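Open the model in your viewer and keep the sequence beside it. The tour goes from one selection to the next.

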Amino acid sequence: MVRVEQIVRQMRRAPQNVRYDDLAKVCEEHFGDARQQGTSHAVYPTPWAGDPRVNIQRGRDGKAKTYQVRQVLAAIDRRAREDALDPDGPARDEQEVTDDD
């Protein structure tokens, strides 16, 4: 099974050649479950104020649309920058807490 980090590296190398299912897997890992699925779009929430979201759509031949791959990468990069500046910010609150913690 392909790991999310490998998919992200492939997305950065060739955003025009990303399978929709792989992009959805990356979005679920970084943004959680889609708010909307089953239609032509899948909409993932983001942690920022207002109502920003990541919206993806299946393109030709089961591939993701290139501009949406780039938008997902930009959102992942933004979240990584913000997490680096504020390690106790919202992303940390979303982590699962286990009995081992």
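Start with the helix H2. What covers its buried residues? The cover includes helix H1 (4–13), strand S1 (41–45), strand S2 (53–57) and helix H3 (66–85). Keep in mind that this is a predicted model.

Now select residues 20–31, which make up H2. The 12 residues of this helix should span 16 Å at 1.5 Å a residue, because the expected span is 1.5 Å times one less than the number of residues. The end C-alpha atoms of H2 are 16 Å apart, so the two values agree.

Colour the buried residues of H2 next: Tyr-20, Asp-22, Leu-23, Ala-24, Val-26, Cys-27 and Phe-31. Then step just past the end of the helix to Gly-32, where phi is positive, at about 90°.

Move to the largest nonpolar core, a set of 23 residues. Select Met-11, Leu-23, Tyr-44, Ile-56 and Val-72, which have the most contacts inside this core. H1, H2, S1, S2 and H3 each supply at least two of the core residues. Which of these elements gives the most? H2 does, with 6 residues.

Stay in the core and centre the view on Ile-56. Setting aside neighbours within four places in sequence, Ile-56 touches several residues of H2's buried set, including Tyr-20, Leu-23, Ala-24 and Cys-27. Other contacts of Ile-56 include Ser-40, His-41, Ala-42, Tyr-44, Gln-68 and Val-72.

Last, select Trp-48 and Arg-78. The charged end of Arg-78 lies over the ring of Trp-48, 4.1 Å from the ring centre. If you look for aromatic pairs, with ring centres within 6.5 Å, the count is 0.

Methods
Residues are numbered from 1 along each chain as its sequence is written. This is a predicted model: local features need pLDDT of at least 70, side-chain atom pairs count only at pLDDT 80 or more; totals for chains, interfaces and linings use all residues. Side-chain values use heavy atoms; hydrogens and water are left out. Rings of Phe, Tyr and Trp (its six-membered ring) pair if their centres lie within 6.5 Å; planes under 30 degrees apart count as stacked, over 60 as edge-to-face and the rest as tilted. A charge sits over a ring if NZ of Lys or CZ of Arg is within 6 Å of the ring centre and within 35 degrees of the ring normal. Buried means under 20% relative accessible area, exposed over 50%, partly exposed in between (1.4 Å probe, protein chains only). Contact means heavy atoms within 4.5 Å. A nonpolar core is a set of buried Ala, Val, Leu, Ile, Met, Phe, Trp, Tyr and Cys residues joined through side-chain atoms within 4.5 Å.
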